[in-house]
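Here are a few exercises to work through with the model open in your viewer. Try each task before reading its solution.

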Amino acid sequence: MPAGDRGPDGGPAPARGAAPEQEAMPAGNPEPARGESSSGGAVPGRGRASRGGGRGRPRPSGARVLRPSGRERASGAVPAAREAGPYLTPAQAFDALYAYCAPALVRQAYLLAGRRDLAHESVERAFQRAWDHWPKVARDPDPPGWVRAAAHDWALSPWHRFRRRYRHPEPPPPEDDDRTLLDALLSLPPPYRRTLVLYDGVGLDLPETAAETEASTRAAAGRLMYAREVLAERLPELADPEELHVRLAELASTGRTRAAEPAAVRGGSERRARLWTRTAAAVTVVLIGSTAMTLHTAPTHYVPPVPAGETVRGVPPRVAPGPLSDEQRELRDRLRKALLDGPERLTPLAR
């Protein structure tokens, strides 16, 4: 894929093509988010400087903070690495996707989880999973959306509450309105929170938000309206969707948002894959050894067990025979004589 020049925002320009056998990224240019014009300027609205006592902090562009969303057109491509060769290797395509999506995904995960360390971990795990399944991800119509869904799933996993490192809360944002907004976000159920971030923060439309949250469009609309009502009850100025979009971008911009290097993420994925491979091989060897030992030591035929002895009750005792009568003695003498002669025993006597 030919290397592009720098774009207007300082990032690499879109690449123009890649060979299919190299698993190049599909083409696409992110659309401008709601709250930003097509030229990159923010939509006019009430700023925080007028509300926060003249703090004067510049309003961040929502499209540069929480985008890219993964909604792309066929006219462009995911920005490629500078000085790339005529074709992108899988590692170069992965690095381009990581540089394109990771900073925004960290900010999105922070809005969902409320913790910076968990947000960074979610993005790293999502990209490690993407590298493990890179042939599938590279051919996906929306690779940024694939990684975003994986990062959001990890950030909203309920099992983090049982981990020791996440039992204590993270220091809150320094500004009072940021703390109030973050508390209101975290008070929402995870599906409602995710719907609000995707629609009002990232800028997806309602059908795309419903598809990513695995809900119907009607259910996604209900979740969005409820989440907006909860936030507007805590912060009345957020009843305006444009103001809510800007405030979400500002909250996501607080604190450290620097993502790890793509080479480190790929290395972690490869180490994890080697560990699982070795573990599976060790378990297989143990199973084979135990099966062989069982076959060697197991009996070849069934030997019924000897039952334990039992005491028999109610049987009369054995009695010794008494003296013989005259008839019995005469019969005994006749039998003894017949045994000596022999043939008479085989010839029936005439009666």
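**Exercise 1: the contact of α3 with α8**

Gln108, Leu111 and Leu112 of α3 meet Arg193, Arg194, Val197 and Val202 of α8, where contact means heavy atoms within 4.5 Å. Before going on, note that this is a predicted model, with local features needing pLDDT of at least 70, side-chain atom pairs counting only at pLDDT 80 or more, and totals for chains, interfaces and linings using all residues. Residues are numbered from 1 along each chain as its sequence is written, and side-chain values use heavy atoms, with hydrogens and water left out.

Task: sort the residues of this contact by chemical class, then describe how α3 and α8 cross.

Solution, step by step:

1. The contact of α3 with α8 divides into four nonpolar, one polar and two charged residues. Here Ala, Val, Leu, Ile, Met, Phe, Trp, Tyr, Cys and Pro count as nonpolar, Asp, Glu, Lys and Arg as charged, and the others, Gly among them, as polar.
2. For the geometry, two packed helices are described by the angle between their axes and the distance between the axes.
3. The α3 and α8 axes come within 10 Å and cross at roughly 140°. Axes are lines fitted to C-alpha atoms, for helices over the stretch in contact, and angles run from 0 to 180 degrees between N-to-C directions.
4. So α3 is oblique to α8, given that angles under 35 degrees count as roughly parallel, over 145 as roughly antiparallel, 65 to 115 as roughly perpendicular and the rest as oblique.
5. The α3 and α8 crossing is right-handed, meaning the near helix is turned clockwise from the far one by less than a right angle.

**Exercise 2: how covered is α8?**

Task: find how many of the 13 residues of α8 are buried, and what they pack against.

Solution, step by step:

1. In α8, 10 of the 13 residues are buried. Buried means under 20% relative accessible area, exposed over 50%, partly exposed in between (1.4 Å probe, protein chains only).
2. Among the buried ones are Arg193, Arg194, Thr195, Tyr199 and Asp200.
3. The buried residues of α8 pack against α3, α6, α7, α9 (206–212), α10 and α11.
4. After α8 comes Gly203, with a positive phi near 105°.

**Exercise 3: the largest nonpolar core**

Task: say which element gives the largest share of this core, then look around Leu185.

Solution, step by step:

1. The largest nonpolar core has 57 residues, and Leu111, Phe127, Trp134, Val147, Leu185 and Leu196 touch the most other members. A nonpolar core is a set of buried Ala, Val, Leu, Ile, Met, Phe, Trp, Tyr and Cys residues joined through side-chain atoms within 4.5 Å.
2. Elements giving two or more residues to this core include α3 (90–113), α7 (176–187) and α8 (190–202).
3. The largest share, 14 residues, comes from α3.
4. Not counting residues up to four places away in sequence, Leu185 touches Leu111, Arg193, Leu196, Leu231, Leu248 and Leu251.

**Exercise 4: is His152 buried or exposed?**

Task: place His152 and list its contacts.

Solution, step by step:

1. His152 sits in helix α6; helices (H or I, at least four residues) and strands (E, at least two) are DSSP runs, numbered from the N terminus.
2. His152 counts as buried because its relative accessibility is 1%.
3. Leaving aside neighbours within four places in sequence, His152 is in contact with Gln108, Leu112, Arg194, Leu198 and Glu212.
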